[in-house]
Amino acid sequence: MLTNLTQQPADKILALMQMFREDPREQKIDLGVGVYRNAEGITPVMRAVKSAERQLVETQTTKAYTGLAGDPVFAKAMTNLILGASAPSDRIAAVATPGGTGAIRQGLELMRYADKAATIWLSAPTWPNHPSIVKYLGIPMREYRYFDNASRGVDFEGMLADLSNAAKGDLVLLHGCCHNPTGANLTPAQWEKVADILDQTGAIPFVDIAYQGFGDGLEEDAFGPRLLASRMPEMILAASCSKNFGVYRERTGLLMAIAPNAQVKGEAQATLNFLNRQNYSFPPDHGARVVQTILDDPALRSDWETELEDVRTGMLALREQLAGELRQRTNSDQFDFIAQHRGMFSRLGISAAQVDQLREDHGIYMIGDSRMNIAGLNSETVPILAEAIVAVGV
Ligand code: LMR
């Protein structure tokens, strides 16, 4: 049996992580995988996470199973964080999942289970694991235009034109904020128009939100998901706590399904519980409990929000610095988009050959499509990167 197996295509992001580790050069900069790092290059455990973990060690009396959906208090706290009051709780089914990827997987499983014929529309480009899971599950897939390589902004006309071809019951995968890999995001007015198109076509939004708080702020980053939740009869929402709580390896995520009414919510909840049972039974609890402890404790929550805000503004300062360095070196505003992009990533829009050259000649690692992780920089490495970008001939 095992001899039938063939090599799977390598995940670009994970392959680059490995290459970086194996590079013996001392002067090397990792702008690859989407993991936050502070100025010292460390991915810290957030203060509130440490406090919540201490509390749990002291007070937790059992590690017995929770429910198949995880603890409902986690789902409630996360639903409030992301959706606020935009949709009534009696329409929202939710299950805890192993990370945001687990939520995406369960959302896609739900979609396939409910409607085998439905197509999912992905932005071009999108996080490479989206099409990978979609293909693995055999779900029909189409792309809609999203990134305009000339302006490094959103090709909004192209996006609307493509989405107008979605059929009733198709799903449209939208990044809730901080688009990965481009860093180019929809404005509130554009979100309204996307909602209009979904209304007209009868397509269903499938929102992936993994970077809430990394863009313009916790509330601001939830604008799109909240708008859709308030207007659409149905919606799927996959959320990750990996980045904004820094609990990457705890695998903490939530899948929400907003139903048209409370009765359908009941069916959706039962199906999500069933799907969890088929795939892994009970979802992991530790990260979820830490997150819920923070969100429900005013002091911890305020400390978490302060630290998250420092992370966000730190990345914004790096964006400004890099755009400034490049403005000065190229005597042009061609890289000003870096300061306009939001979240952890920006797609530089340089060629694959230039990306290779940055890695080979300068020890600077970014994904082949020229996505760079802003949080891989600090104020000292920004000028080194700017110099190298100019040196590869942009
Ligand atoms: C990324 O896009 O780099 C992150 O979401 C990490 C991952 O799993 O790919």
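The following questions and answers explain how several terms apply to this predicted model.

Q: What makes the contact of R25 with D23 a salt bridge?
A: A salt bridge requires a side-chain nitrogen of Lys or Arg within 4 Å of a carboxyl oxygen of Asp or Glu. The closest N and O atoms of R25 and D23 are 2.8 Å apart, so the pair is within the limit of 4 Å. The structure holds 22 salt bridges.

Q: Why is D23 called buried?
A: Buried means under 20% relative accessible area. D23 has a relative accessibility of 9% and therefore counts as buried.

Q: Why is R25 called partly exposed?
A: The term covers values between the limit for buried, under 20%, and the limit for exposed, over 50%. R25 has a relative accessible area of 32%, so this residue is partly exposed.

Q: How do you know that R289 and D71 form a salt bridge?
A: The N to O distance between their side chains is 3.1 Å, and the cut-off is 4 Å, so the contact qualifies.

Q: What makes this pair a tie between separate parts of the chain?
A: R289 lies in helix α10, which spans residues 286-296, whereas D71 lies in the loop between α2 (47-59) and α3 (72-83); the pair therefore ties together parts that are 218 residues apart in sequence.

Q: Why do R289 and D71 receive their accessibility labels?
A: The dividing value is 20%, and buried means under it. R289, at 19%, counts as buried. D71, at 22%, counts as partly exposed.

Q: What makes R347 and D369 a salt bridge, and which parts of the chain does the pair link?
A: The closest N and O atoms of R347 and D369 are 3.3 Å apart, which is within 4 Å and so meets the definition. R347 is in strand β11 (residues 345-347), and D369 is in the loop between β12 (364-365) and β13 (371-373). The two residues are 22 residues apart, and the pair is described as linking distant parts of the chain. R347 has a relative accessible area of 14% and is therefore buried.

Q: What makes E192, D196, D199 and R231 a network?
A: Salt bridges that share partners join E192, D196, D199 and R231 into one network.

Q: How do you know that S346 is buried, and where is this residue placed?
A: S346 belongs to strand β11. Its relative accessible area is 0%, so S346 is buried. The C-alpha atoms of S346 and R319 are separated by 9.2 Å, while the residues are 27 apart along the chain.

Q: Why is E307 called buried?
A: E307 has 11% relative accessibility and so counts as buried. The residue is in helix α11, which covers residues 298-330. Its C-alpha atom is separated by 9.7 Å from that of N244, 63 residues away along the chain.

Q: Which residues surround the ligand?
A: The ligand is surrounded by I13, V33, G34, W127, N180, Y211, K243 and R371.

Q: What makes the approach of G34 to the ligand a polar contact?
A: A polar contact is a pair of N or O atoms within 3.5 Å. A backbone N or O atom of G34 lies 2.7 Å from an oxygen atom of the ligand, so this pair satisfies the limit. Polar side-chain atoms of N180, at 3.0 Å, and of K243, at 3.1 Å, also lie within that limit of a ligand oxygen atom. Taken alone the ligand exposes 260 Å², and the protein buries 80% of that area. The space taken by the ligand is the largest pocket.

Q: Why are the bonds before P125 and P181 remarked upon?
A: Most peptide bonds are trans, which is why a cis bond is noted. A cis peptide bond joins A124 and P125, with omega about 5°. Another cis bond joins N180 and P181, with omega about 25°. P125 is in the loop between β3 (120-124) and α5 (129-136), and P181 is in the loop between β7 (171-175) and α7 (188-201).

Q: Why is the phi of R152 pointed out?
A: Most residues other than glycine have a negative phi, so a positive value is pointed out. Phi of R152 is near 60°. R152 is in the loop between β5 (147-148) and β6 (153-154), and at 15% relative accessibility this residue counts as buried.

Terms used. Residues numbered from 1 in each chain as written. Predicted model: local features only at pLDDT ≥ 70, side-chain atom pairs only at ≥ 80, totals over all residues. Heavy atoms only, no water. Buried < 20%, exposed > 50% of the residue type's maximum accessible area, 1.4 Å probe, protein only. Helix = DSSP H or I, 4+ residues; strand = E, 2+ residues; numbered from the N terminus. Near = heavy atom within 4 Å. Polar contact = N/O pair within 3.5 Å; in protein donor to acceptor, adjacent residues only side chain to side chain. Areas by Shrake-Rupley, 256 points an atom, 1.4 Å probe, with all protein chains shown as cover. 1 Å grid on protein atoms, 1.4 Å probe; cavity = no way out; pocket = protein on both sides within 12 Å on 5 of 7 lines; lining within 4 Å. Sits in = over half its atoms within 2 Å of the grid points.
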